[in-house]
Amino acid sequence: MHKRKLISIIVPVYNEEKGLSAFHGQLKKVIDALDYDFEIVFVNDGSTDGSLEVLVSLHKNDKRMKIMNLSRNFGQQNALTAGIDQAKGDAVILLDVDLEDKPEYIASFIDYWNKGYQVVYARRGKRKVSVLRKICFGLFHRANRIISSVDMDAAGAFCLMDQVVVKQMQKLTERDKYIPGLRSWIGFKQIGIETVRGSRYDNMPRVRFSSLFKLAFDSFTSFSTAPLKIAMFLGIFFSLLSFLGVGIVIALKLVFKLAIIGWASTISIILFLGGIQLICIGLQGEYIARIFNEVKNRPNYIIRDKIGFDE
C-alpha cells in the first residue's frame, strides 16, 4: 500500500491571538484538499497574550497540530529554527501566521517539489505596505544582492525545503541567523516563484523598523565582509585626500603667499572625519560582538514544553 508523504509546516507565533483562528481555518482548507499527510508545528515564541490558549483550543479539534512553547521570546529566526529542528516531514514549509504570505501557494510549492526542486521559495512581488516600507524593503534586497557572498533573491522565510536541505539546515548552529540567506547558502536545486503578498489580518504592521534593521544587518554581516572592506577603503580614500589637501595648503603658502582661513570649514572636516572613524569602529564592533555570541555557545532557544508531539 502506497504510503503518503508527510509534510511539516512550521509556524512561529508571537502575540497573534486575534489572527490564529482565521489563519488555521485558511491553512486547513488548503491542506485538506491535498493528498499528503501534514503536521503543523506552531512555535509559541514567548507570547504574552492569549495565543497559547487559542493554540491549545485549536489543537483539540485538529490533532495534526503540534505546539512548541518556548521559555521566552527568542525572535522569529530562532523560533523557525526550533520548528525546523523538530520537523519530521519529507518536506518542510515555513509560513508566518499573519496571512501576508498566503497559504494557497503551498499547493504550487508542492508541485515544484514533485518536479525535483529541493527548495521552492516565494519571490516577493507586490506588497500591501506603506510607501516607506516598500522603499526600505527594495533598498535592502538590492544591497543584499550587491554585497552578499551568496546569490540571494528578493525572498523571505516563506518556502518549502526538502528533507535533504532541512538536514543541512539543522547542522548550522550559528547564533545570529538569517534563514533566507542560509537557505541560499546551502544550495541544491532551488527555484523562486512570484507571489503576491497580502496585508496582515488586522492591517497593522507588527514588526518595528528597529527589528527590520537588525534583520537586515544580520544578513549583511552573516554573508559578507564587505562592510569591513568599505571601512578600510574609506580610510584609504580620506588619507589620500588629506595628503592632497596638505599639499595644496603648502603650495598656496609658499608659491602664492596665501594663508587658508576658515575655522568653520576646518571644524566641519574634523567632525566629518571623526564620524567616519566612529562608523568604522562601530562596524568592527558589530563583527566582534557576533564572534562573542558564537564563543558563548548558548542555545538559540529553550523549550518550556511541547503539546501533541507524542500523539
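**Exercise 1. Work out why H7 counts as largely enclosed by the rest of the structure.**

Step 1. Take the cut-offs: buried means under 20% relative accessible area, exposed over 50%, and partly exposed in between, with a 1.4 Å probe and protein chains only. Helices (H or I, at least four residues) and strands (E, at least two) are DSSP runs, numbered from the N terminus.

Step 2. Go along the helix: Ile179, Pro180, Gly181, Leu182, Arg183 and Ile186 are its buried residues.

Step 3. Conclude: six of the eight residues of H7 are buried, so the rest of the structure largely encloses this helix. After H7 comes glycine 187, with a positive phi near 95°.

Keep in mind that this is a predicted model, where local features need pLDDT of at least 70, side-chain atom pairs count only at pLDDT 80 or more, and totals for chains, interfaces and linings use all residues. Residues are numbered from 1 along each chain as its sequence is written, and side-chain values use heavy atoms, leaving out hydrogens and water.

**Exercise 2. Describe how H6 and H7 meet.**

Step 1. Two packed helices are described by the angle and the distance between their axes.

Step 2. The axes of H6 (residues 163-171) and H7 (residues 179-186) come within 10 Å and cross at roughly 115°. Axes here are lines fitted to C-alpha atoms over the stretch in contact, with angles from 0 to 180 degrees between N-to-C directions.

Step 3. List the contact (heavy atoms within 4.5 Å). H6 brings Val165, Gln168 and Met169, while H7 brings Ile179, Leu182, Arg183 and Ile186.

**Exercise 3. Find the aromatic pairs and place two of them in their surroundings.**

Step 1. The whole structure holds four aromatic pairs. Rings of Phe, Tyr and Trp (its six-membered ring) pair if their centres lie within 6.5 Å; planes under 30 degrees apart are stacked, over 60 edge-to-face, and the rest tilted.

Step 2. One of them joins phenylalanine 109 and phenylalanine 158, tilted at 45° between the planes and 4.8 Å centre to centre. This pair links distant parts of the chain, 49 residues apart: helix H4 (residues 106-114) and strand E6 (residues 155-162). Phenylalanine 109 is buried at 0% relative accessible area, and phenylalanine 158 is buried at 3%.

Step 3. Tyrosine 112 and tyrosine 117 form an edge-to-face pair, 6.0 Å centre to centre with 65° between the planes. Tyrosine 112 is partly exposed at 26%, and tyrosine 117 is partly exposed at 21%.
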